[in-house]
Amino acid sequence: MAAGREDPVGARGAAEGPERRRSRSHRVVALSCAAFVATMVGAAYAAVPLYQMFCQVTGFGGATRVAGAAPTAPLERTVEVRFDANISPGLDWSFEPEARSVTVRVGETKLAFYRAHNRSSQPVTASATYNVTPAQSGYHFAKMQCFCFTDQTLQPGETLDMPVVFFVDPAFAEDPEMKGVKTITLSYTFFPKATPLAAGKTKDGKAPL
């Protein structure tokens with residue numbers, strides 16, 4: 001009698017075995033997907049500084065290089081450097097170069113100024129991006145001091161003079177692609193940035209988090 005009776009525990013365990021395996025499999029897939037999403041988000045945040053670094057090293061896309069030291073001696077070859085200034089929509093500033101252009105010897109260190117003025121009735125924070133044209137000349141255009149990618153906050157009616165120290169690398173004269181280049185344009189564009197609310201201030205009737 002006992003030999004012919006089915007074991008309910010064993011039968012239930014055998015029935016639950018595939019279900020448990022499927023459940024574990026689903027958990028593994030879910031965790032893998034979550035890890036993949038987290039990795040992609042991290043990569044997205046890292047992409048901007050890595051791309052900026054890549055452009056500065058290679059000159060890709062008209063990005064200039066950052067130099068720690070100036071060349072020892074300039075060459076005889078000269079090039080005209082033009083300065084361009086732009087303001088994005090929504091930024092109530094005036095922005096212009098002190099001089100529209102300057103002729104420099106290749107390898108000569110030069111100082112130029114841009115001037116920004118806040119025309120609005122409130123403090124405004126903005127940041128500038130830059131590029132040079134022709135794009136392939138970016139690798140040879142090196143800056144030792146620059147205001148780009150740095151937040152600039154101007155009070156109502158305030159004016160700020162911002163220096164740029166640069167040189168055209170002597171390798172410019174030896175690059176076959178630069179043989180016919182006589183003019184390089186350095187261009188900046190200012191974009192408005194959100195100003196953080198001060199402690200205790202409210203916006204639209206809501207306290208800051």
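What percentage of the 209 residues in the protein is buried? Buried residues make up 28% of them. The model is predicted. The legends below start with the whole chain and then move to close-up views.

**Figure 1. The protein has 1 helix and 10 strands.** The order along the sequence is α-β-β-β-β-β-β-β-β-β-β. The pattern opens with the helix, and the strands follow. The accessible surface comes to about 13,300 Å². Carbon and sulfur atoms hold 58% of that surface. Now consider contacts with a separation of 6 or more. Of these, 75% link residues 24 or more positions apart.

**Figure 2. The largest nonpolar core has 32 residues.** Five residues have the most contacts inside this core: Phe95, Tyr114, Phe147, Tyr188 and Phe190. Several strands each give two or more residues to the core. They are strand 2 (78–87), strand 3 (93–97), strand 5 (110–118), strand 6 (124–133), strand 9 (159–168) and strand 10 (183–193). Strand 6 supplies the largest share, 5 residues. In soluble globular proteins, nonpolar side chains tend to be buried together.

**Figure 3. Strand 5 pairs with strand 9.** The two strands run antiparallel. Their pairing covers 8 bridges. Look for Lys110 in this view; Phe166 in strand 9 is its bridge partner.

**Figure 4. Strand 9 is also joined to strand 7.** Strand 7 spans residues 141–145. Strand 7 and strand 9 are antiparallel, with 4 bridges between them. Here Ala142 has Phe167 of strand 9 as its bridge partner.

**Figure 5. Arg105 lies in strand 4.** This strand covers residues 101–105. Is Arg105 buried, exposed or partly exposed? Arg105 counts as partly exposed, because its relative accessibility is 32%, and that class lies between the limits of 20% and 50%.

**Figure 6. Arg105 touches a run of residues from earlier in the chain.** Leaving aside residues up to four places away in sequence, Arg105 touches Pro74, Leu75, Glu76, Arg77 and Thr78. Which backbone atom does the side chain of Arg105 reach? The side chain of Arg105 reaches the backbone oxygen of Leu75, at 2.9 Å. Val79 is another residue to find in this view. Along the chain, Val79 and Arg105 are 26 residues apart. Their C-alpha atoms are separated by 6.4 Å.

How values were computed. Residues are numbered from 1 along each chain as its sequence is written. This is a predicted model: local features need pLDDT of at least 70, side-chain atom pairs count only at pLDDT 80 or more; totals for chains, interfaces and linings use all residues. Side-chain values use heavy atoms; hydrogens and water are left out. Buried means under 20% relative accessible area, exposed over 50%, partly exposed in between (1.4 Å probe, protein chains only). Contact means heavy atoms within 4.5 Å. A polar contact is a pair of N or O atoms within 3.5 Å; within protein, one must be able to donate a hydrogen and the other to accept it, and residues adjacent in sequence count only if both atoms are side-chain atoms. A nonpolar core is a set of buried Ala, Val, Leu, Ile, Met, Phe, Trp, Tyr and Cys residues joined through side-chain atoms within 4.5 Å. Accessible areas come from the Shrake-Rupley method with a 1.4 Å probe; for residues, only the protein chains shown count as cover. Two strands pair if DSSP finds at least two bridges between them.
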